[in-house]
Amino acid sequence: MLSVKIPQFQQSLQIYYFENVENSTEIRTKLLSGQDSHNFAFVNPDVIFSKEQLLSACYRALLDYNSGKIRTRSIHSEIIFCLGSSGNIVDSLTRFGIKEDGNRLIILKVIEKEEDVEYTIDEIVKGDNKDLDDALLRENVDFKQMQKAYKFQPSLSNSAREDFKETDWSLLLRKTVDLIQLRGC
Amino acid sequence: MSDELIQLAQSHLQNIPLQVISQGAEAIVFTTKTHPYLPTSKDSHTEYIIKYRPPKKYRHPQLDATLTKHRTIAEARLLQRLTNIPEIQSPGLIALDARNGIIWMEKVGYELIDYDDKISSLKNWLWRYNDNQEKALTEEIKIALEKVGCMIGKAHVNDVIHGDLTSSNIIITEAQEACLIDFGLSYQSALPEDKGVDLYVLDRAILSTHPKYAEQYNEWLMAGYERGYGKDKKSLIKLKEVLKRYEEVRLRGRKRSMLG
């Protein structure tokens, strides 16, 4: 688990990364039926290649949340919406939210106050809890899905992940952060 | 007056230590060692820039809010545009709070240890040698100025007009590369007129900030500028148009008409 405090805001974040997830379908069904026990942001790791990308979206979501300007129902859905570059909420939730057949999962929880932590992650996800690590994310990111989600110019679909050098990754990160921060502007 | 603005900035940036580095009519610029959202280690020396456009009391509040938001977004957009032109070095955008007029970006440049630890803007970088003609006109400086010119040329090829090209708004990095900053007056335009005026502003800025060597400096900058257009035929035609217009602008001054 990665615990992050964003200095400007009173809330803090807890972030988990799971592999070999067995119950994605179940999580998704419970999430869609609006169960209180599933008040998390369940993110599809296929379109995430860096912690900075995740946190950049969290920053934007918390900024909008704390100024009463969120466009979705909760802070957790807002984080998923903020990961995208489009103003279409359904579109972003589909691309960045949990996939029914996914076997990897990133889970974020926004904690309003430290003492309010009242959940056990293992009761929700059945899988292997791993450290969230950029190398691991990069190894598994899906460029085709990334391209569909962010519409990079030039297109990512023609690049191979294996050929990506450090400079390519950092340029991709800069482009992604630009898109996240400037969505809707 | 300034204290009041800093307090206002601080109210939007809670728990972020702020240090003022520059204040203009439009915005106030801070540095901080705290990243807005990445965990920072205590002994990290990386700094970040926060540009804050405070509300202007002389404007109608609603109009003020709209203007501030739009200008902040326009500047952030330009940073985004420059990310997509990798040949042009520019600070990366980190975070944007357009409603409050705040942009977070990377800090570029370093402190000149042989010049009172001042920031390595082209101005300070050149001024170090102002009293020493031999040092002021070395090959090192020639190469740097050509790089600066080349980068401006590349911006113009891509129809990016900086709008405020002074030697303070150009940074020389530790690797002796040129980097542009402050896009508060920047915009996109393909007109030779706008590019000509951009060059004229630079020419004047060099003349007033570095009068002793202005002629030589401007010559090097222009040599680099022409190189920035590359060898492509279409670009060379564009270059010719811009240079022609630049000569016209030089004769008449920055404003096209005599009115206002």
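What follows is a short chat about the domain and chain contacts of chain B in a predicted model.

Student: Ground rules before we start?
Tutor: This is a predicted model, in which local features need pLDDT of at least 70, side-chain atom pairs count only at pLDDT 80 or more, and totals for chains, interfaces and linings use all residues. Residues are numbered from 1 along each chain as its sequence is written, chains are lettered from A and ligands numbered from 1 in the order in which they are written, and side-chain values use heavy atoms, with hydrogens and water left out.

Student: OK. How is chain B divided?
Tutor: Into domain 1 (2–106) and domain 2 (111–252), with bounds that come from an automatic or database domain assignment. The C-alpha centres of these two domains of chain B lie 25 Å apart.

Student: How many residues does each domain of chain B put into the contact?
Tutor: Domain 1 gives 13 residues and domain 2 gives 16, where contact means heavy atoms within 4.5 Å.

Student: And what area do they bury between them?
Tutor: About 1,200 Å², 67% of it on carbon and sulfur atoms. Buried area is the accessible area (1.4 Å probe) that two parts lose on being put together, summed over both. B:Leu78, B:Arg81 and B:Gln89 supply 43% of what domain 1 of chain B buries there, more than any other three residues.

Student: Which side chains meet in a salt bridge there?
Tutor: B:Lys51 and B:Asp182, at 3.0 Å, N to O. The rule finds one salt bridge across that domain interface; it asks for a side-chain nitrogen of Lys or Arg within 4 Å of a carboxyl oxygen of Asp or Glu.

Student: Which helix gives the most on the domain 1 side?
Tutor: Helix H2 (residues 61–83) of chain B, with five residues. Helices here are DSSP runs (H or I, at least four residues), strands are runs of E (at least two), and both are numbered from the N terminus.

Student: Switching to chain A. How many residues are in contact?
Tutor: 30 residues of chain B and 22 of chain A. The two chains bury about 2,200 Å² between them, 58% of it on carbon and sulfur atoms.

Student: Which three residues of chain B supply more of that area than any other three?
Tutor: B:Tyr37, B:Thr83 and B:Arg99, with 31% of the area that chain B buries against chain A. B:Arg99 also meets A:Asp64 in a salt bridge (3.1 Å, N to O), and the rule finds one salt bridge across this interface.
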